[in-house]
Amino acid sequence: MITYETIIKQIEKLTAEATHATTEQLAREKLTAIRALCDVVLDEKINSTKLPAANLVSTTVSSPVYTQPIAIPAQKLEEEDANGDSLFDF
């Protein structure tokens, strides 16, 4: 598990990089990375306060059933100026 201290150091590094960014896009990228790190920490905190694993109800996921498509015979297009069955026959 990554400690809060490690994440805070990374946020500080990204903050410095955002402060010294040469373009707005680069600064926004650094700020987005900071937001992602904050979300990870906050989501971890929320998930750790949820019900213990012993109280969780197990669910069974069934695999989807696949059916084969029905082949419908195609009618051959007859044109007087066509040379053959291929699309590339002119």
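These legends describe close-up views of a predicted model.

Local features need pLDDT of at least 70 and side-chain atom pairs count only at pLDDT 80 or more, while totals for chains, interfaces and linings use all residues. Residues are numbered from 1 along each chain as its sequence is written, and side-chain values use heavy atoms, with hydrogens and water left out.

**View 1. The whole protein has two helices and zero strands.** Helices (H or I, at least four residues) and strands (E, at least two) are DSSP runs, numbered from the N terminus. The helices are α1 (4–19) and α2 (24–48). Of the 90 residues, 8% are buried. Buried means under 20% relative accessible area, exposed over 50%, and partly exposed in between (1.4 Å probe, protein chains only). About 8,900 Å² is exposed, with areas from the Shrake-Rupley method and a 1.4 Å probe; for residues, only the protein chains shown count as cover. Carbon and sulfur atoms supply 59% of the exposed area.

**View 2. Five residues form the largest nonpolar core.** They are Ile7, Ile11, Leu14, Ile34 and Val41. Helices α1 and α2 each supply at least two of them. The largest share, three residues, comes from α1. A nonpolar core is a set of buried Ala, Val, Leu, Ile, Met, Phe, Trp, Tyr and Cys residues joined through side-chain atoms within 4.5 Å.

**View 3. Leu14 is in contact with Lys30, Ala33, Ile34 and Leu37.** This list leaves aside neighbours of Leu14 within four places in sequence. Contact means heavy atoms within 4.5 Å. Leu14 and Ile34 both belong to the largest nonpolar core.

**View 4. Glu17 and Lys30 meet in a salt bridge through their side chains.** The N to O distance is 2.9 Å. Lys30 lies in helix α2 and Glu17 in helix α1, so the pair ties together parts that are 13 residues apart in sequence. Lys30 is partly exposed, at 22% relative accessible area. Glu17 is also partly exposed, at 29%. A salt bridge is a side-chain nitrogen of Lys or Arg within 4 Å of a carboxyl oxygen of Asp or Glu. The whole structure holds two salt bridges.

**View 5. Glu5 and Lys9 pair their side chains in a salt bridge.** Here the N to O distance is 3.3 Å. Both residues sit in helix α1, four residues apart, so about one helical turn separates them. Glu5 is exposed, at 53% relative accessibility. Lys9 is exposed too, at 51%.
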